[in-house]
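Biologist: I should be grateful for a close look at a single part of this structure. Please choose one strand and describe its faces and its partners in one connected account.

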Amino acid sequence: MSIELDIRLVPPREKHPTIFKTFDDLRAGEAFTLVNDHDPFPLRHQFEATRRGQFEWTYLQSGPAVWRVLIEKRHV
Amino acid sequence: MTLALSTAAVGGVPEDALGPFDEVCRGRGLDGVELVLDDVGDPGPLCERARAAGLRVVALRSERLPTHGDALRSLAICSARLSAPVSIPERLVDRASLAALAALFEKERGRLLLAHGTALDVVVELASAVSDIGSPSLGLAWDLRPSERMFERVAVLLAAHALLGLVRFHGGGPEQNGQDGLAIGQLVMELSSASKTAPLVLCPSSEAELPRWRSWLASRRSAGCGHAHDAREIRVDVRDVEPKDRLETILSAYRALGRGATLRLTVDHDPSCMFYMLEATEPAGSFAFHSEASVEDGLEVWRAEVQKS
């Protein structure tokens, strides 16, 4: 299963809650692709702090205009 | 880096409004103003009144080159008296007269900047001509338009390099939402790493933008581009900044903080991502972070305080 979440279309205040809800709703082994107009690395730090060891973060595309990150929920 | 606002942002300032205009700029956290000179006459009296009004003039700008020797000398004297460089479009300046111009400004202890755009061949030619004369009274001013592309901007920065005495950023302020993603935060960072002394002047990109600038100046809300020297406190409101440029805007403000100083952020969403990023990238115990949400005019507003210890 592959979900694509284009966060560019989401209003600023909803961006991070939407991303975390999408992740939390995944089952282990599932993934979604985050699409953004800038490198979402601050979000990765937030994932590290709040969901440590639960996710895989893989850049599929790194700019300059579009970033795609595959975020996968690990089997714990 | 010094950040200033051009008087062009209000379509020119009547002389009796110079003081109030500077007050508004202070309220925005700006370090000073660029005074745009009239198209005609001797600039001396206006500059004297600006000085008397305590206007923090960072730069002078003339859109013409006085042909009369006395008016030209007066321009150089104004520059010296206000300790502010005067910029003139480079296309008005005959290269053969450059050495004489430089000598005049040097004699009066003023500084002349030749204003250019982002056409690399022009900048290279100009930088070479100015370097050949080798006068400390001569430099370059860059008129940077928001639609210009990244690689061209970098090339121009490299070509102008140490000669760069001013960057006029057409746009910024209330215009920054519509600028092909080039918001002020990122640009300030690039420029501050390239040239520590050249002030950045915010200027409307067209006459049509003047109403937006006027309402921006009249509103109390910051657009997150103001800062002051040696601030114990920096206030940044990123609600008007494009989402993708917010991080750089915030980080450049955080880097500018001295020890013990506080960054006060206003955001329209939960700023905890900022906390996690600092926690991951800054030394342990180097900052304190506090944030709280409130509702203002029916909208959720978050205020965060980051203190650098």
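**Strand β4 of chain A and its surroundings**

Modeller: Over all chains, the structure holds 28 salt bridges, and the model is a predicted one. The part chosen here is strand β4 of chain A, which covers residues 67–73. In a regular strand, side chains point alternately to the two faces of the sheet. In β4(A), W67(A), V69(A), I71(A) and K73(A) point to one face and are buried. R68(A), L70(A) and E72(A) point to the other face and are not buried. The cut-off that matters for this reading is a relative accessible area under 20%, below which a residue counts as buried.

The strand also has pairing partners. Strand β2 of chain A, residues 31–36, runs antiparallel to β4(A) and is joined to it by 6 bridges. One of the residues of β4(A) involved is E72(A), the bridge partner of A31(A). Strand β3 of chain A, residues 55–62, likewise pairs with β4(A) in the antiparallel sense, over 7 bridges. Here K73(A) of β4(A) is the bridge partner of F55(A). K73(A) thus belongs to the buried face described above, whereas E72(A) points to the other face.

β3(A) and β4(A) form a hairpin with 4 residues between the strands. In this hairpin G63(A) takes a positive phi near 70°.

Elsewhere in chain A, D25(A) and K21(A) form a salt bridge, with 2.6 Å between the closest N and O atoms. Both D25(A) and K21(A) are exposed.

Terms used. Residues numbered from 1 in each chain as written. Chains lettered and ligands numbered in written order. Predicted model: local features only at pLDDT ≥ 70, side-chain atom pairs only at ≥ 80, totals over all residues. Heavy atoms only, no water. Buried < 20%, exposed > 50% of the residue type's maximum accessible area, 1.4 Å probe, protein only. Helix = DSSP H or I, 4+ residues; strand = E, 2+ residues; numbered from the N terminus. Pairing = 2+ DSSP bridges. Salt bridge = Lys/Arg side-chain N within 4 Å of Asp/Glu carboxyl O.
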